[in-house]
Amino acid sequence: MKRTFIVALVVLAVLLAVPLTMQAYGLRIGTTMLMYGVLAMSWNFIGGMAGYPSFASAAFFGLGAYAGAVAQKYGVPHYAAWALAGLVAALFAAALGFALLRLRGHYFAIASLVVAEALREIVNSATALTGGGMGLNLPLPQASSVEAQARFFYYAMLGVAALTFAASFLVRHSRLGFGLRCIQQNESAADMLGVNTTLYKVIAFVLSGAFVGVAGAIYASWVHYIEPPDVFDVLYSVKPIVMVLLGGAGTLFGPLLGAGVFLGLEELVWRNYLSVHTGVLGLLIVLLVVFLPKGMLALRKA
Amino acid sequence: MSPLLELRGVTRQFGGLRALAAVDFSIAQGEVVGLIGPNGAGKTTLVNVITGVHPATAGTVRFAGEDVTRQQPWQAARRGIARTFQIVQPFPDMTVLENVAAAGVFAGSAPYGVRAEAAAMEHLGFVGLAERARQRAGSLTLAMRKRLELAKGLAMQPKLLLLDEVNAGLNPAEIEQALALIRAIAARGVTILIIEHLMKVVLNLCSRIVVLHHGELIASGDPQGIVRDPRVVQAYLGRRYAAH
């Protein structure tokens with residue numbers, strides 16, 4: 001536990017210092033990596049710790065993006081709008097969780113997958129509020145330069161990532177995390193031992209939604225313009241799963257490590273195999289999952 | 001004194017199949033009761049009804065004076081009803097110690113953390129698994145897993161312990177050990193309901209036996225009476241025991 005703390009502090013210090021040496025491109029990559037980190041660590045609550053394969057990340061991300069954007073449209077300052085987006089995503093996850101978490105395994109996965117699609121259609125048709133298919137513009141933050149702006153969003157994303165990590169740490173070392181592990185191992189046995197499985201799963205699902213909602217809202221402010229196919233993209237559901245599996249499901253640092261490695265691969269492959277990059281990336285992922293089913297953190301123990 | 005567990009007219013229907021038909025029976029505090037009957041008689045269903053896995057279609061279940069007919073399994077666990085499974089159900093990738101600690105934390109009153117592990121260690125010592133504490137639960141032999149189930153059951157600090165075929169699949173030496181363990185548990189004052197196919201075990205441990213057949217309770221009484229009961233002999237035991 002003490003070592004975890006030290007490693008976390010070192011990582012945080014590095015992440016805090018990194019922007020000082022970076023240009024706009026580097027900051028952009030860094031911000032994306034932190035965003036991926038938030039998505040991966042969030043998915044880890046429900047997918048890694050509780051073992052429920054959720055495909056709802058895109059729904060939380062898009063919902064957060066739109067909640068933040070619409071709030072700012074009505075004059076809410078950006079910090080408050082971001083926090084509000086997290087709250088909206090959390091409440092949505094709670095309501096959704098009580099409905100969906102009665103399903104197990106594949107049924108839950110499929111049900112969670114259509115949520116983003118449903119939200120996308122709703123956003124598409126609620127033109128008055130969301131601009132529908134035309135998308136929504138967000139106010140530009142006041143910053144002296146392009147670099148200062150990039151740095152601002154980097155630190156904003158870092159803040160959310162740090163909060164998500166802190167939440168993971170607390171859950172992992174608590175009764176809640178212990179109960180989630182029991183559920184992941186054998187849900188009916190956990191039930192028999194006195195774990196209130198429905199409540200625990202809903203809490204995990206809410207945790208997996210709240211921070212993603214904030215990240216979505218920050219993303220919206222960062223790119224100044226959002227439209228439904230962008231923020232409800234199914235890739236926001238799939239990528240975090242791949243990252244967590246890459247790094248190590250259910251672990252503390254695995255999702256972060258996976259996010260970094262995944263982004264590295266994505267950039268590298270995209271740059272060198274522009275026309276076939278999704279194919280090459282897919283192949284790499286298959287190879288990694290086949291040869292490292294427990295993620296890269298498992299290498300350290302072996 | 002009112003009984004610890006009381007079933008009144010408990011019926012459980014699975015579609016067209018009536019697994020339990022108007023079963024009445026009760027267990028007093030401190031009793032060790034055996035539940036026998038042929039395969040498919042409804043024994044495990046009865047345990048599932050008591051623990052809330054399959055709520056009764058009709059009738060009531062009362063535990064410690066409280067109506068618990070509609071409870072969820074986790075509520076049953078927290079009220080003090082612990083069960084072991086015919087097919088053992090550990091958390092395979094957790095250590096043996098964590099398995100027992102989980103029972104203490106979620107059903108018992110152990111706070112999460114070191115104290116839960118210390119309490120778990122005592123239970124492991126009691127069932128003779130102390131030296132396996134740090135091993136993965138999935139790596140245990142069947143006999144050890146059965147003992148792990150018992151340790152988990154004890155960690156839940158139960159008022160009532162339901163043992164569903166704890167001896168199935170064990171060899172004679174292992175059964176002897178399991179018998180000694182169950183006797184030691186009973187000596188602590190835990191009320192026990194044992195589901196068992198081995199008459200030797202039931203006759204050895206129980207002060208009373210109830211017999212299920214086709215979902216109906218066909219007999220209940222002291223062991224000597226039960227083995228002579230013609231309906232029980234016909235439905236389940238055969239002539240071997242009747243001769244005694």
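This is a short conversation about reading a predicted model, from the contact between its chains to its core and one glycine.

Student: Where should I begin with the contact between chain A and chain B, and how many residues does each chain bring?

Tutor: A common starting point is size: the size of an interface is often given as the accessible area lost when the parts come together. Here we can count residues instead: chain A brings 16 and chain B brings 18. On the chain A side, helix H8 (175-185) and helix H9 (187-192) each supply at least two residues. The most comes from H8(A), with six residues.

Student: What kinds of residues make up that side of chain A?

Tutor: The side of chain A that touches chain B has six nonpolar, seven polar and three charged residues.

Student: Now chain B on its own. Which domains is chain B divided into?

Tutor: Domain 1 of chain B is made of several stretches, 1-80 + 159-169 + 185-244, while domain 2 covers 88-157. The C-alpha centres of these two domains of chain B lie 26 Å apart. Where they meet, seven residues of domain 1 of chain B are in contact with ten residues of domain 2 of chain B. The domain 1 side of that meeting divides into four nonpolar residues, two polar and one charged.

Student: How do I read a nonpolar core?

Tutor: The general idea is that in soluble globular proteins, nonpolar side chains tend to be buried together. In this model, the largest nonpolar core has 180 residues, and A:Met157, A:Leu193, A:Ala215 and A:Ile218 are those with the most contacts inside it. Helix H10 (residues 197-223) of chain A gives this core its largest share, 17 residues. Chain B takes part too, as domain 1 and domain 2 of chain B each lend the core at least three residues.

Student: Which residues does A:Ala215 touch, leaving aside its neighbours within four places in sequence?

Tutor: With those neighbours left aside, the contacts of A:Ala215 include A:Met35, A:Val38, A:Leu39 and A:Phe61. A:Gly64, A:Met157 and A:Val160 are also among them.

Student: And A:Gly254: is this residue buried or exposed?

Tutor: First find A:Gly254 in helix H13 (residues 254-272) of chain A. A:Gly254 counts as buried because 25 other C-beta atoms lie within 10 Å, and the cut-off for buried is 20 or more. Beyond its neighbours within four places in sequence, A:Gly254 is in contact with A:Val244, A:Gly247, A:Gly248, A:Ala249, A:Gly295 and A:Leu297.

Student: How far apart are A:Gly254 and A:Met243 in sequence and in space?

Tutor: A:Gly254 and A:Met243 are eleven residues apart in sequence, and 8.3 Å apart in space from C-alpha to C-alpha.

Definitions and conventions:
Residues are numbered from 1 along each chain as its sequence is written. Chains are lettered from A and ligands numbered from 1 in the order in which they are written. This is a predicted model: local features need pLDDT of at least 70, side-chain atom pairs count only at pLDDT 80 or more; totals for chains, interfaces and linings use all residues. Two residues are in contact if their C-beta atoms, placed from the backbone, lie within 7 Å. Helices (H or I, at least four residues) and strands (E, at least two) are DSSP runs, numbered from the N terminus. Ala, Val, Leu, Ile, Met, Phe, Trp, Tyr, Cys and Pro count as nonpolar, Asp, Glu, Lys and Arg as charged, and the others, Gly among them, as polar. Domain bounds come from an automatic or database domain assignment. A nonpolar core is a set of buried Ala, Val, Leu, Ile, Met, Phe, Trp, Tyr and Cys residues joined through C-beta atoms within 7 Å. A residue is buried if 20 or more other C-beta atoms lie within 10 Å of its own, exposed if 12 or fewer, and partly exposed in between; C-beta atoms are placed from the backbone.
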